[in-house]
Amino acid sequence: MRRITIPRPDDWHVHLRDGAALAAVAPFTARRFGRAIVMPNLRPPITTTEAARAYRHRILAALPPASGFEPLMTLYLTESTTPEEIARAKASGIVHGVKLYPAGATTHSDAGVADVDRTFAALERMAEVGLPLLVHGETPDPAVDPFDREARFLDDVLAPLAARFASLRIVVEHITTRHAVDFVRSARAGVAATITPQHLLHNRGALFAGGLRPHYYCLPVLKREADRCALVEAATGGESRFFLGTDSAPHERATKESACGCAGMFTAHAAIELYAEVFEAAGRLDRLAGFASRFGAEFYGLEPHRETLTLVEAPWTVPDRYAFGDGQLVPYRAGETVRWRIEAESGA
Ligand code: NCD
Ligand code: ZN
């Protein structure tokens with residue numbers, strides 16, 4: 001039975017939701033990760049430091065007092081975000097990034113940015129104070145093929161933006177293509193990317209395996225096998241520009257299993273275990289610690305954890321459902337096996 005011990009990992013992109021949904025999912029993330037960059041796409045979105053502070057308290061209140069988990073808050077960038085709000089966010093010490101959703105690109109992005117030029121004053125201040133820009137990198141243009149939306153956004157919007165704001169740190173969130181891997185690899189210093197477990201484990205065939213599979217639908221959508229292979233190479237290659245971000249995004253069962261199903265896959269119940277599968281399959285378990293526990297912290301200017309997490313190769317079956325407020329949550333790989341499990345956690 002193989003074992004691997006790594007510094008406690010962090011999740012650099014997660015959706016924790018709010019209210020009863022928050023209470024249902026936050027413990028899964030806190031059990032595995034020491035910190036997480038928490039997405040601000042609530043309704044209404046988290047657009048101010050004050051709202052981020054209140055949300056942070058709700059997250060901590062949803063966890064056992066001794067969890068030790070630290071939520072790293074983000075602001076939702078709009079065309080009305082002011083430089084003063086950016087300065088307040090940085091000074092608060094609790095906000096670690098500002099999220100750009102192109103308006104209409106994904107779940108709860110209608111308050112997002114339609115014209116990126118209108119955010120330049122905020123971006124300028126972010127570069128000045130050292131607050132990273134976290135990007136949902138897809139054009140929402142319905143005329144662009146859904147499988148090309150990432151590439152189009154990176155080339156048409158993000159490349160000029162990264163050049164214009166040369167000291168702005170940028171995370172291209174949940175990259176899904178070989179094109180994005182190449183884009184990030186060849187970008188200037190200060191540009192990095194997160195990679196989800198589902199984009200490392202599946203290609204778009206998973207969406208159509210024997211019928212339409214709503215629980216494999218997320219945005220950006222799963223891509224080709226060649227893209228998946230490029231992501232695996234990037235994640236397991238020991239390159240510090242690529243780090244862990246699950247994009248775990250829970251939705252109630254009925255809203256996924258629907259004529260118009262929501263985008264988002266819930267993976268928090270097995271997140272680090274799933275990445276261990278990917279690194280194991282690549283013969284690169286020795287590089288899991290860099291990807292999961294070091295590179296992201298380095299990018300955000302934080303120390304890696306001194307506590308550790310031990311994973312053991314001991315297959316377990318994922319439950320069919322978890323409780324989710326008044327409803328149900330169908331986790332990724334429901335009723336199927338995950339090969340690794342958490343064995344032990346240690347103090348510093
Ligand atoms: C996310 C959600 O549900 O909030 N969905 C998703 O498919 N990833 C939004 C997002 O990150 O795009
Ligand atoms: Zn997301």
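Q: Hi! Which protein donors does the zinc ion (ligand 2) have?
A: Happy to help! In this predicted model, the zinc ion (ligand 2) has H13 (NE2), H15 (NE2) and D247 (OD) as its protein donors, at 2.0 to 2.1 Å.

Q: And how are those donor residues spaced in sequence?
A: The pattern for the zinc ion (ligand 2) is H-x1-H-x231-D. H13 sits in strand β2 (residues 11–14) and D247 in the loop between β9 (242–244) and α9 (253–256), so this pair ties together parts that are 234 residues apart in sequence.

Q: Are H13 and D247 buried or exposed?
A: Both of them are buried.

Q: Why is the arrangement around the zinc ion (ligand 2) irregular?
A: Because the 4 donor atoms subtend angles of 92 to 146°, and a tetrahedral site needs all angles between 85 and 135 degrees.

Q: Switching topic: how many cavities of 30 Å³ or more are there?
A: There are 2. The largest cavity holds about 110 Å³ of space, and 15 residues line it, with H15, T106, T107, L219 and D247 nearest its centre. Two of those names, H15 and D247, are also zinc donors.

Q: What's the lining of that largest cavity like by class?
A: It divides into 4 nonpolar, 8 polar and 3 charged residues.

Q: And the second largest cavity, which residues line it?
A: Among them are H215, H251, K256, F266 and Y332. That cavity has about 60 Å³ of space, and its lining divides into 7 nonpolar, 3 polar and 1 charged.

Q: Last one: what volume does the largest pocket have?
A: About 300 Å³. Its lining has 13 residues, and L212, P214, Y217, S258 and G261 are the closest to its centre. By class there are 9 nonpolar, 2 polar and 2 charged.

Technical notes:
Residues numbered from 1 in each chain as written. Chains lettered and ligands numbered in written order. Predicted model: local features only at pLDDT ≥ 70, side-chain atom pairs only at ≥ 80, totals over all residues. Heavy atoms only, no water. Donors = N, O, S within 2.8 Å, 3.2 Å for Na, K, Ca; no water. Tetrahedral: all angles 85-135°; square planar, octahedral: opposite > 155°, others 65-115°. Helix = DSSP H or I, 4+ residues; strand = E, 2+ residues; numbered from the N terminus. Buried < 20%, exposed > 50% of the residue type's maximum accessible area, 1.4 Å probe, protein only. 1 Å grid on protein atoms, 1.4 Å probe; cavity = no way out; pocket = protein on both sides within 12 Å on 5 of 7 lines; lining within 4 Å. Points joined across faces, edges and corners; volume = space filled by probe spheres on them. Nonpolar A, V, L, I, M, F, W, Y, C, P; charged D, E, K, R; others polar.
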